[in-house]
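With the model open in a viewer, please follow the selections below in order, colouring each element as you reach it.

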Amino acid sequence: MHSRRTVLTTAAATAAAAAAAAAGSGAAHAAVSAVGRQPVPDSAARDRLRRLIARMSPEEKVGQLFVMRVYGHSATDPDPADVAANQKEIGVSNAAELVAAYHVGGIIYFGWAHNTRDPHQIADLSNGIQQAAAAQRVPVPVLISTDQEHGIVARVGAPATLFPGAMALGAGGSRDDARTAGRLAGQELFAMGIRQDYAPDADVNVNPANPVIGVRSFGADPQAVARMVGGQVKGYQEGGVAACAKHFPGHGDTDTDSHVGLPYIHHSAEEWERLDAPPFKAAIAAGIDSIMTAHIVVPAFDPSGDPATLSRPILTGILRRRLGYDGVVVTDSLGMEGVRVKYGDARVPVLALKAGADQLLNPPDLALAHSAVLRALEEGELTEREIDVKLMRILLLKERRGLFTDPYTTHEAVDRIVGTDEHLAAADRIADRTTTLLRNDGGVLPLSRRRERRVLVVGADPAAPSGTGGPPTTVLARALTELGFTATALSTGMAPSQQRIDQAVAALRERDAVVVATYNVTADSAQRKLVGALLGTGRPVVQLAVRNPYDIAQLDGVEAALASYSWTDVELRAAARVIAGRRNPVGRLPVAIMRADTPTTALYRIGHGLSY
């Protein structure tokens, strides 16, 4: 293993030198002294990048605009099933062939594509991709990205550090915590060769029925969200990675998921300015490297019915001209239904570029999309000058993130930075400031190890977002046991059957108290029946909302209710410490919870939260 790493490191150094030479990078300018301290591109850097662009063919220029998925844990030797998937979807066998065939400027990592098994593997995959990039006729490093929002969206799991997600941080209310989480998370991504994170989410979640944003948002108060977004942008970029605020012009007030449909946002221009714009303005003021578009229709800005991703009035008129943003604009995935309903897959990438986008993320058919953009360039629908401007933005981002200096990493860097005790302890400290106590009638909480030593933990057990950790009931039971209780877990699921409910009730009769983990409870949810049956035993019932905090509005009779805003281990352990009285709950609701019977009336307002 050691000899293999030596060979890889030597090859990586050689390839890095080739990439730096291709950009004409001067040693003094290119030096990167530490993670997060990348050089700011000066006029000499721009001149070098212009010369690099001048060497590219139209095919190479067009390729640089695409960010593509690819299956496999290795750039050159993926598993046979991943080779088959790549051949079927992309027409190549592996990541190295993808770079060679299409000259893609970016690659996005997914867990389901088997890119993120463990930190050492991720680092090796990243190095292999960069070696393939350095072997091109015109070597240009690849911008490797992923969606590592933390909370309910995380592609890289343990042993990397997982931090509380956006709404949990919003409940904590600390801009410093948001910045710290971003900085440490950014350092870990950097160590694995990932230089762009599609985070933070800058949407203001003013609609409790939003099916796609929810706890991915910092909250419903635009100014509070703006403060947190600004903090996280600075944190991620101090950590060495390009941050990406999403989803412009704001996906927070919709009841349609753009993965499967085309949402409409019916805010007036004045409402948009008040509700949706502040977080994006804060991101721009913080110096954000990239902004992601939304596949949503905003008639107030573009009555054509085109989604924002394809709307020149929105991307160029609002984002570029009104907000003065001149960084990279990346589309949300072009495989999502919201951007495909009106135009064919060949037109979408061309229209996105014409609208003002620079990077085209994950088209369903890369060959079709690449040829369509190339044809538009050849026929004059897109000009070479327009493509060069977009390409310069992308290359400047790569320059800022140190990719022309050294795009590689090592196992030693991974071991030194990823999942360290210091980072894990920081995640726990931040999580301790997020758990929100919504109701505590009669002083049910904290549970007493003397009166309620025997605790049953029941409820929903959604799969871990990162594929590591969980299941939630087991994590909670283990944490409570470590805190001095005798806790047992019984998974009842998101739609518990009557048989499972009966089992839970029978088990509770032999325990002193129960913690029930609820997940997005609705009026017709079987979880309501479970909670009602548990309440009927007369034992203390503690309800913990492990996703959206709105569950309590549907659960009559519950006397003790908390919100953790996610079911990841770090947030569940923090909730357990609150339940056990080891931590005083200090989280405050970043969204309002409306009454179920009168949805225009607040049950709990923004800022609500109890303490012991």
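In this predicted model, begin by selecting strand 7 together with strand 8 (residues 290-293), which pair in the parallel sense over three bridges. To place the register, display C244, which stands opposite S290 in strand 8. Now add helix 12 (residues 277-285), which packs on the sheet and touches both strand 7 and strand 8, its direction making about 155° with that of strand 7.

Widen the selection to the whole sheet, an open one in which three strands follow the order 7-8-9 with parallel pairing. Why is one side of strand 7 (244-248) and of strand 9 (328-330) left without a neighbour in the sheet? These two strands stand at the edges and each has a single partner strand, so one side of each has no neighbour there. Looking across the strands, you should find a twist that averages 25° from one strand to the next.

Move next to strand 12 (residues 454-459) and strand 13 (residues 486-491), which run parallel and are joined by six bridges; within this pair, V457 stands opposite A489 in strand 13. Adding helix 20 (residues 472-482) completes a right-handed β-α-β unit with strand 12 and strand 13.

Stay on helix 20 and show the side chains of its buried residues, P472, T473, V475, L476, A477, A479 and L480. The buried residues of this helix pack against strand 12 and strand 13, and also against strand 14 (513-518), strand 15 (541-545) and helix 23 (569-579). Finally, select G484, just after helix 20, where phi is positive at about 105°.

Terms used
Residues are numbered from 1 along each chain as its sequence is written. This is a predicted model: local features need pLDDT of at least 70, side-chain atom pairs count only at pLDDT 80 or more; totals for chains, interfaces and linings use all residues. Side-chain values use heavy atoms; hydrogens and water are left out. Two strands pair if DSSP finds at least two bridges between them. Helices (H or I, at least four residues) and strands (E, at least two) are DSSP runs, numbered from the N terminus. Axes are lines fitted to C-alpha atoms, for helices over the stretch in contact, and angles run from 0 to 180 degrees between N-to-C directions. Contact means heavy atoms within 4.5 Å. A crossover is right-handed if, with the strands pointing away from the viewer, the path from the first strand over the helix to the second runs clockwise. Buried means under 20% relative accessible area, exposed over 50%, partly exposed in between (1.4 Å probe, protein chains only).
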